[in-house]
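Here are a couple of exercises on interfaces, with solutions worked through step by step. Have a go at each task before reading on.

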Amino acid sequence: MGYPHPSHPRETPILSKYFGDAEARTLEGWRARGGYEALQKALFTDPQELQTIVKDSGLRGRGGAGFPTGMKWSFMKPDGKTHYLCCNADESEPGTFKDREIMRWTPHGLVEGVALAAHAIYAQTAYIYIRGEFTEPYARVTAAVEEAYAAGILGANAMGSGKQVDVHVHRGAGAYICGEETALMNSLEGRRGNPRIKPPFPAVAGLFGKPTTINNVETLTTVPYIIKNGAEWYKQFGRPDNPKSIGTKLFSVCGNITRPGNYEVALGFPFKDFLYDLCGGPLPGREIKAVIPGGSSVPILTREEAEGAIMDYEGMVAAGTMLGSGGAIVFDDRQCMVRQIARLTRFYAHESCAQCSQCREGTAWITRIMERIRDGEGTAEDLDTLVSIADGMSGKTICVLSDSCATPVMSGLKKFRHEFEAKIAANPAMVTVPGALRASAA
Amino acid sequence: MVSLTIEGRPVTVPDGMSILEAAKTAGVLVPHYCYHPGLPVAGVCRMCLVEVEKMPKLAPACATSVMEGQVVHVHSPKALEARKGVLEFLLINHPLDCPICDQAGECELQDYTFAEGRADSRYREPKRFNPVEDFGGDVLYVQNRCILCTRCVRFMSDVADEPVLNVSERGDRAFIGKAEGHDLTNPWAGNVIDLCPVGALLSKDFLNKARAWELDRAPTVCTGCSQGCNAVVETRDNVPVRLKPRPNDAVNQYYMCEVGRQSYREFARRDRADQPLVRINGTLTEVDWEDAVTAAVGALSGKRVVVLASPNLSNEALFLLERLVAQLNGQGVFRVARGETVPLPGVADLALREERAANAAGARLLGFAEVTTVGSALRHDDALLVVGDALDGVTPSELAALSSLVFVGTTIPTAVAERAVAVLPITNTVEEEGTFTNLRGRVQRFLQGRTAPGVARPSWFVLTDLLAATGGAAEFHLPADVFAAMVSTHQAFAGLDYESLGMHGLPVLASETATAGAAI
């Protein structure tokens, strides 16, 4: 059974090594590939030591924010309180589909990482919160958890360590906002998935009011490799001149690109090489116009900016955007950016949890204006209004969904204003009519 | 304690207090919608964003605790711009139907928009429209006006402990929904109407009755039960149209039950006794006050007098009645209606109390004995002086045995019309001023909210006249005079002063409180 594309020689497949390998999905297959060795070792290691190893490795959260994982774990002290670990498997950011593949192909890798992290933060109970629409990943992870319990890897005496490690798989009902860590906790508690005001931070009062650590699927799946091979081993991946971005990262690529899919490369990889070499560049005869590099909520890059960017946390910031979740969306020269941005704002307007005034009303208002402009009914003053609304939405709400909606609008207006103006002026030469991509492909 | 500066004013407040509350102590109002001191903080309306020096973003004043040395700017250009933005967002879909909205004139969206909002709207799209929904009970939900502050949801969940309301849907489609199969019939549900900062939740009972600016308001104390909830009576053209809670942390916080709210109807009754009456040739005939008092005293003299007082009379009236009882060598009794106790779970010691009268505790302190039936206190040939009691359930045979009946009250019961020698019309609670003593022994003042009908007089005034006419010493010109006399002669009220009671009241002596609360 093969994977959509073979591993590229320039990839560094650690997490993705067994993508396409059906046998790796089973407990037996996973063990045959060295699985659960790290957990076996970790369960007999002091949690403090595990925290130190992860801290030394330089691993940063792969969910999007990039917070140092070891530091996050170090907030959890042996204080005798009940602690919880939550695995955020609610991957819903448009353009991002890396966690899904981890869960589909290496579910035991995730279970191992979850159990290991739980022990490392002094928790006996961990939850894997999976996005509601993830049917297959849910089935795979659930099966893996059941297998792990049956084999004594999880439970009252995990791997003979005398430690209690319980993992529960919870399936969300399908709300984008439940991927926000505090909304996720609310949802797990059986409440409406609304983000909570911070402070208190989850490490102080999280799930059920107890100290909680929340990590992304990719982050947790990486941890066993670090424990098994050591922090120094992990540090070899990355730019030598940038110690802040260490390790490998899975990047999802979609849109107008020859070989869409998931690619794992060491951080610091040149984005131009990534797009043109690994992903095959634009479709024949086309040219890349823009890229949203880190999931739909980060600033858009023009082709020139993208080609000059480096794929790590600092490199993307230097390019005027963010690494985010690593989900790159590629637009070629046939794409109408107004249309694409309107589609994104519509998504955010639909998914806003409705708590904060700016987000609830602002996302919908922006969408209405965007769709009006898209339909050739915009006015010149709409552009100023868009900027003003986006400004009113940014940095003023409980979570960043509002900012996520405002960002593509702001960066789109900054970099592709001429397309907005052409739509308003009804200049068909500047824009692509709906359906053009399909017509062209045919 | 923490010291900080808010709008240039130094303040020192307890550690952990929110910036919003700290600003209040400095006399600075931070505009807000979702925040309410009686509810858990939600921090969702984002109206209270303030600029705090050294903080990278604007901070929600309701959800941010004060810190030592903090410098807060409430009206800085950045904070003002943010509030202007929130107002604009809230108004894009708000129907702007102030001319027909019941909340007009007391709407916080209206107020803040006037104070800080944009003069025009940049919204060019069609506004959303949703139908009005009957939430059951007395509550109507006008979704178009809702700003999703969730005060109502939090009240029902965290204070009333009956989570009937929720936020349904997402995005700008969100609305306040009801749990399937449930209505807003909780005995405390009416508070969501008061809590709503806009006109989204309205009282069906009050709907279209009056505009806020047409109303006159006076502080009062609810007479619905012995809790003594502080309230405001609102009148339009001298007619009571609404009773709303008045905040008092020591009694009812910010809340009031449905029974209390509906008690305004009693004050608005039109079948009032508004002229003194004396039975002449078998018919109750209008006379002047002097003749009526003379007739009343004549009817009570030379007999054993039983005084049946209402536990809704003020302390002042009961004190004068106590003296009258002594003067006539009679007996003072009262009876009190009872019902189910309905607590408000989220507020300690707040309930709709079993005793459905405002001043049973006062009556006990002033020497009145509780009876379950009027007949049990009466003997053959007794004279009965009824003050405020409506004589509900009293049988004709019980009254037939009386030698005479004098009625001092607000509406004339049928039995009285047939038997009374004299009728002296008095004012009800919202037409006079005085004090009540609640079940915890807290003495609280109420003020006059409207003028009395006809020539009806305040109860303390009429009783002063009666006392004087029976030969008792009575020289009182104001309720405060009566109160002072009461304080000087009753140890239970010792130390209290009418003026210093303020509008939140003070407790009577602890030992007496225990006595007053014995029947709880």
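**Exercise 1. How much area do domain 2 of chain A and domain 3 of chain A bury between them, and how much of it is on carbon and sulfur atoms?**

Solution. Keep in mind that we're working with a predicted model.

Step 1: find the parts. Chain A splits into domain 1 (22-236), domain 2 (248-332) and domain 3 (337-426). The centres of domain 2 and domain 3 of chain A, taken over C-alpha atoms, sit 23 Å apart.

Step 2: list who touches whom. Domain 2 of chain A brings 12 residues to the contact and domain 3 of chain A brings 13.

Step 3: get the area. The two domains of chain A, 2 and 3, bury about 1000 Å² between them, with 67% of that on carbon and sulfur atoms.

Step 4: look at the polar side of things. There are 2 salt bridges between domain 2 and domain 3 of chain A. A:Lys415 and A:Glu305 form a salt bridge through their side chains, at 3.1 Å from N to O; that falls inside the 4 Å cut-off. Polar contacts across this interface add up to 5 residue pairs, both residues being at pLDDT 80 or more.

Step 5: see what domain 2 of chain A puts in. On its side facing domain 3, β8 (288-292) and β9 (301-302) of chain A each supply at least two residues, and β8(A) gives the most, with 3 residues. By type, that side of domain 2 of chain A has 7 nonpolar, 3 polar and 2 charged residues.

**Exercise 2. Which element of chain A gives the largest share of the side that touches chain B?**

Solution. Step 1: size it up. Chain A puts 32 residues into the contact and chain B puts in 31. Between them the chains bury about 2700 Å², and carbon and sulfur atoms give 52% of it. Of the area chain A buries against chain B, 25% comes from A:Glu361, A:Trp365 and A:Arg368, more than any other three residues supply.

Step 2: count the pairings. The interface of chain A and chain B holds 5 salt bridges. Try A:Glu381 and B:Arg124, whose side chains meet in a salt bridge at 3.4 Å, N to O. Polar contacts link 17 residue pairs across this interface, both residues at pLDDT 80 or more.

Step 3: pick the element. Two or more residues each come from α14 (337-351), α15 (357-374) and α16 (380-393) of chain A. The largest share is from α15(A), with 10 residues.

Step 4: sort by type. Chain A's side facing chain B divides into 12 nonpolar, 12 polar and 8 charged residues.

Terms used: Residues numbered from 1 in each chain as written. Chains lettered and ligands numbered in written order. Predicted model: local features only at pLDDT ≥ 70, side-chain atom pairs only at ≥ 80, totals over all residues. Heavy atoms only, no water. Domains from an automatic or database assignment. Contact = heavy atoms within 4.5 Å. Buried area = accessible area lost by both parts, 1.4 Å probe. Polar contact = N/O pair within 3.5 Å; in protein donor to acceptor, adjacent residues only side chain to side chain. Helix = DSSP H or I, 4+ residues; strand = E, 2+ residues; numbered from the N terminus. Nonpolar A, V, L, I, M, F, W, Y, C, P; charged D, E, K, R; others polar.
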